[in-house]
Amino acid sequence: MSMRINTEGIKAGMELAEPILNCYGQTLLNSGVILNTKHIRILKTWNIYNVTVKTEGNEQHDTNLPSDEIIQICRNSLVKKIDWIPELSIEEDLFNTAVLNNALNYGENE
Amino acid sequence: MKTGLLDINSLIRRVDAFPTLPTIYYRLIEIMDNPRSTVMDVSEIISSDQSSAAKVLKAANSPIYGFYGRIESISQAISYIGFDEVKNLVIAMTIIDFFNKHFENRNFNPVKFWQHSIGVGIMSRLIGQYLNASGLEVYFLAGIMHDIGKLLFHSTIPDEYSSIIKYAVENEIHIRDAELKFLGLTHDVAGEILAEKWSFPQSIKCAIRYHSNGISNNKHREIVAATHVSNIAVNMYGYGYSDSGLLPSPNKAVWNILDLPNNFFSNFNKQMTDSYIDSSNLLLRQND
């Protein structure tokens, strides 16, 4: 499980759950890296404000994750917007990613 | 609604009456095509255009790049955020500003339109990056400009085009089919005519002309294929709005051209979303 936290809240020993990328998409630090004081200092120098770190299980997790109900609504809505059925694996990946993005923005575009 | 409203000749006559793009655009495109151009060349061109220089400085000092007011000159901006990034910014801002200033249509939402185009540009660039392609700025700009044919329709036949979009949405058909039915030509062809007038590079002209089908049998086939897939994906993601009616399936042949991994979209989704938000904020809030 993971949690998005402000750089100010990072403590040495925390493990990155997602890589840290710069604005060009280049990886600065890979996921799995155990953060130390030097990393924390560098992150501040790079003006990185938030990072996603691994958590132990019972903390408050990503509260922005859409519910199954919203995902289902978005899935049905997307099926109506397209006139094709995903057949290839990459098309299924595109479809599922689109459903997730619509669900994450649910309410904003309605 | 009348059918066969436009033919190519009448469209060309309308396009001939269009204003040309600002000089800075052509000077930067020239630089883009010249492999021997230097940071100083770009810096001089941008610095000589006050409005563009101000926008670049504002963008370079925005939180997206994290330099917070420390960038004071164009050459500094180029050194910090990169030669290609600055060129992209100015070209994209020039095109967006130009359309927003010259063409008004009460039925048309330019913000949603440009959000879609920016999204397509970002995803095309991600695909280009994955392919290890050179000239990633062309992937980005092809995405930004792929739908200029729709802008042409919105500005030359605003009421008719709004009715055509409405027809496509209500009847759940592709926008191109509705365009063909009522205008006799599609936005891809219209966009190519405008791109010709404005002397766009061949690669971008190809992306505009063939983005709906995704196939172009020339050296720009990857850019065309990337724009095709990105256009469909960004429409499906709901990033912006491009008056597309029913969304067509990706052309199967395009997957073979790009040879992307099966988890490409989920794998790059965070990067795509973050870049989309950053770039939309940067390019669409310049006049705030």
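This report describes a predicted model, starting with chain A and moving on to its contact with chain B, the salt bridges and two places in chain B.

## Chain A

Chain A contains 3 helices and 4 strands. Their order along the sequence is β-β-β-α-β-α-α. The chain has 110 residues, and 30% of them count as buried.

Among the contacts in chain A with a separation of 6 or more, 56% are between residues 24 or more positions apart. The exposed area of chain A is about 6900 Å². Carbon and sulfur atoms supply 49% of that area.

## The contact between chain A and chain B

Chain A gives 29 residues to the contact, and chain B gives 38 residues. Together the two chains bury about 2600 Å², with 54% of this on carbon and sulfur atoms. Between the chains there are 13 residue pairs in polar contact, counting pairs with both residues at pLDDT 80 or more.

On the side of chain A that touches chain B, two or more residues come from each of helix H2 (68-81) and helix H3 (89-104) of chain A. The largest share, 11 residues, belongs to H3(A). Sorted by class, this side of chain A has 13 nonpolar, 8 polar and 8 charged residues.

## Salt bridges across the interface

The interface of chain A and chain B holds 2 salt bridges. One of them joins the side chains of Glu87(A) and Lys252(B), at 3.4 Å from N to O. Lys252(B) also forms a salt bridge with Glu91(A), where the closest N and O atoms are 2.9 Å apart. This pair crosses between chains, with Glu91(A) in helix H3 of chain A and Lys252(B) in helix H15 (residues 252-258) of chain B. Glu87(A), Glu91(A) and Lys252(B) are thus linked in a network of salt bridges.

The residues of the pair Glu91(A) and Lys252(B) can also be described by their accessibility. Glu91(A) has a relative accessibility of 0%, so this residue counts as buried. Lys252(B) counts as partly exposed because its relative accessibility is 36%.

## Salt bridges within each chain

Over all chains, the structure holds 11 salt bridges. One of these lies within chain A and pairs Lys54(A) with Glu15(A), the closest N and O atoms being 3.0 Å apart. Lys54(A) is in strand S4 (residues 50-54) of chain A, while Glu15(A) is in the loop between strand S1 (2-6) and strand S2 (20-21) of chain A, so the salt bridge ties together parts that are 39 residues apart in sequence. Lys54(A) counts as partly exposed, at 44% relative accessibility. Glu15(A) also counts as partly exposed, at 25% relative accessibility.

In chain B, Lys205(B) and Glu196(B) form a salt bridge in which the closest N and O atoms are 3.5 Å apart. Lys205(B) has 11% relative accessibility and therefore counts as buried. Glu196(B) is partly exposed, with a relative accessible area of 48%.

## Helix H12 of chain B

Helix H12 of chain B spans residues 187-197 and is mostly covered, since 8 of its 11 residues are buried. The buried residues are His187(B), Asp188(B), Val189(B), Ala190(B), Gly191(B), Ile193(B), Leu194(B) and Ala195(B).

The cover over these buried residues includes several other helices of chain B. They are helix H1 (8-16), helix H6 (83-102), helix H9 (148-156), helix H10 (158-170), helix H11 (175-183) and helix H13 (202-210). After H12(B) comes Ser199(B), which has a positive phi near 50°.

## Glu137 of chain B

Glu137(B) is placed in helix H8 (residues 136-145) of chain B. The relative accessibility of Glu137(B) is 10%, so this residue counts as buried, the limit for buried being under 20%.

Apart from neighbours within four places in sequence, the residues in contact with Glu137(B) are Met32(B), Asp84(B), Lys87(B) and Asn88(B).

Key:
Residues numbered from 1 in each chain as written. Chains lettered and ligands numbered in written order. Predicted model: local features only at pLDDT ≥ 70, side-chain atom pairs only at ≥ 80, totals over all residues. Heavy atoms only, no water. Buried < 20%, exposed > 50% of the residue type's maximum accessible area, 1.4 Å probe, protein only. Contact = heavy atoms within 4.5 Å. Areas by Shrake-Rupley, 256 points an atom, 1.4 Å probe, with all protein chains shown as cover. Buried area = accessible area lost by both parts, 1.4 Å probe. Salt bridge = Lys/Arg side-chain N within 4 Å of Asp/Glu carboxyl O. Polar contact = N/O pair within 3.5 Å; in protein donor to acceptor, adjacent residues only side chain to side chain. Nonpolar A, V, L, I, M, F, W, Y, C, P; charged D, E, K, R; others polar.
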